[in-house]
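Me: I've got a structure to go through with you, and I want to know the reasoning behind the labels. Mind if I keep asking how you know?

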Amino acid sequence: MGGGAAPTSGKGSKKPLDADLNLVPFIDLLCCCIAFLLITAVWTQMARIDVSQKGKAENAKEEQEPKEEPKKLIVVLTKDGYILTDGGEKVEIPMKGKHYDLLGLGEKLRRLRASTPDMATKTDISVASEDGVKYDDIIHTMDACIQEGFKDIALSDSAAAGI
Amino acid sequence: MPVKKPEAIIGKFYKMKSLKAALKGKKSAYAALNLTAMVDMLTIFVVFLLMTFSATGELQFIQKDITMPDAVRVKSLETAHVISVSPPGPGSPGFVTLDGRKVAETAELMKKEGGGDWKIAQLTETLEIFKNNDKLTQSYKGNVIVQCDRQVEFKALKQVMYSAALAGYGNINFAVNQKGDGAGPAPKK
């Protein structure tokens, strides 16, 4: 522990080169650091997913100011799986067992992106859900959409989305 | 100065005969404390806690009855009014709270008939008051954080979102647990 002064023979005037290292203040410093860091520690990493609303409230505003809209990409969550549509053809992605097929949705979105030049630069998507769908599944769906580059997500009711 | 072997000094200076006698011939009562291991342990503690250090601190506290979903591609949380939606359970109908104040019951929202009015009156009125107050202090941004349990159905959530939008808070931030480093894999082209 620490260091010890070498025994001197008593002859000559040489001072010992070894020095005691006092560990007690160092331990005090570590204890203070630990106390401070314990107070400022963040144990749960929370984050957010932004959505805009496309439902009753927004539709009411649109009725007052009708405007021509570009093609919309809509992902509908039903109790049987996903329905992906761009206003024309509807693609159904059934559930895998009891879970939604997120990988299948990702693959379909990637194919859509590669299909036309318009889709390649598109960043907005609408996620519509039926009433009985759990919030967990909605979040995972939105996460999958963001992962494929559709970061402007609008969340709405399936009836309000017109599906 | 010569180095001497440590010995019991209490008997030497205070002449306690009985203690001297008791200590004679017996093993030393002193035990060396190995501080090296303790310093190593404290250093590892400090390193571990440094990894969990955050300058922003906890911006939001999670209610104990809410389990939020996980997500990978997320953004960092900002301060805003918090609407919590807890699930109905065996002993509780589940509550919708706004900054800790109860404004509705989740079970009631889930029972509402489809096609009816989606407005949660108390939530909308309270948010309008907050909006007016925020406008006075010039801190109104139209953002609101929704902290919802993963088992809550969309039927209840859409009413919360609609009521918030009516009050002028159309920008909804869904609070989630960050999974991974937050950046996630880049979108494949």
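Me: What makes a residue of chain A count as buried, and what percentage of the chain does?

Reply: Bear in mind that this is a predicted model. A residue is called buried if 20 or more other C-beta atoms lie within 10 Å of its own. In chain A, 28% of the 163 residues count as buried. For chain B the share is 27% of 189 residues.

Me: How do you know what the secondary structure of each chain adds up to?

Reply: Helices and strands are DSSP runs, with at least four residues for a helix and at least two for a strand. Chain A has 5 helices and 6 strands, in the order α-β-α-β-β-β-α-α-β-α-β. Chain B comes to 6 helices and 7 strands, and its pattern reads α-α-α-β-β-β-β-β-α-α-β-α-β.

Me: What makes you say that E4(B) is paired, and with which strands?

Reply: Pairing takes at least two bridges between the strands. Strand E3 (residues 81-85) of chain B is joined to E4(B) by 3 bridges, running antiparallel, and here Val85(B) sits opposite Val96(B). E4(B) also pairs with strand E5 (residues 101-105) of chain B, over 4 bridges and again antiparallel. Thr97(B) has Lys102(B) in E5(B) as its bridge partner. With 3 and 4 bridges, both pairs meet the cut-off of two, so both count as paired.

Me: What sits between E4(B) and E5(B)?

Reply: The two strands form a hairpin with 2 residues between them. In the turn, Asp99(B) has a positive phi of about 50°.

Me: Why are the side chains of E4(B) called alternating?

Reply: In a regular strand the side chains alternate between the two faces of the sheet. Strand E4 (residues 95-98) of chain B has Val96(B) and Leu98(B) on one face, both buried. Phe95(B) and Thr97(B) point to the other face and are not buried.

Me: What makes a group of residues a nonpolar core, and which residues have the most contacts inside the largest one?

Reply: The members have to be buried residues of the nonpolar kinds, joined through C-beta atoms within 7 Å. The largest such core has 62 residues, and Cys145(A), Val146(B), Val160(B) and Ala164(B) have the most contacts inside it. Helix H6 (residues 154-166) of chain B gives the most to it, with 9 residues. Beyond its neighbours within four places in sequence, Val160(B) touches Ile83(B), Val85(B), Val96(B), Ile120(B), Leu123(B) and Val146(B).

Me: Why is the crossing of H3(A) and H5(A) called right-handed?

Reply: The axes of helix H3 (residues 102-115) and helix H5 (residues 135-147), both of chain A, come within 10 Å and cross at roughly 35°. The crossing is right-handed because the near helix is turned clockwise from the far one. H3(A) makes the contact with Leu102(A), Leu105(A), Gly106(A) and Leu109(A), while H5(A) uses His140(A), Ala144(A), Cys145(A) and Gln147(A). That's 5 nonpolar, 3 polar and no charged residues, with Gly counting as polar.

Me: How many residues does each chain put into the contact between them, and what are they like on the side of chain A?

Reply: Chain A puts in 46 residues and chain B 58. H1(A) gives the most to the side of chain A, with 10 residues. By class, that side has 24 nonpolar, 11 polar and 11 charged residues.

Technical notes. Residues numbered from 1 in each chain as written. Chains lettered and ligands numbered in written order. Predicted model: local features only at pLDDT ≥ 70, side-chain atom pairs only at ≥ 80, totals over all residues. Axes fitted to C-alpha atoms, helices over the stretch in contact; angles between N-to-C directions. Contact = placed C-beta atoms within 7 Å. Buried ≥ 20, exposed ≤ 12 C-beta atoms within 10 Å, placed from the backbone.
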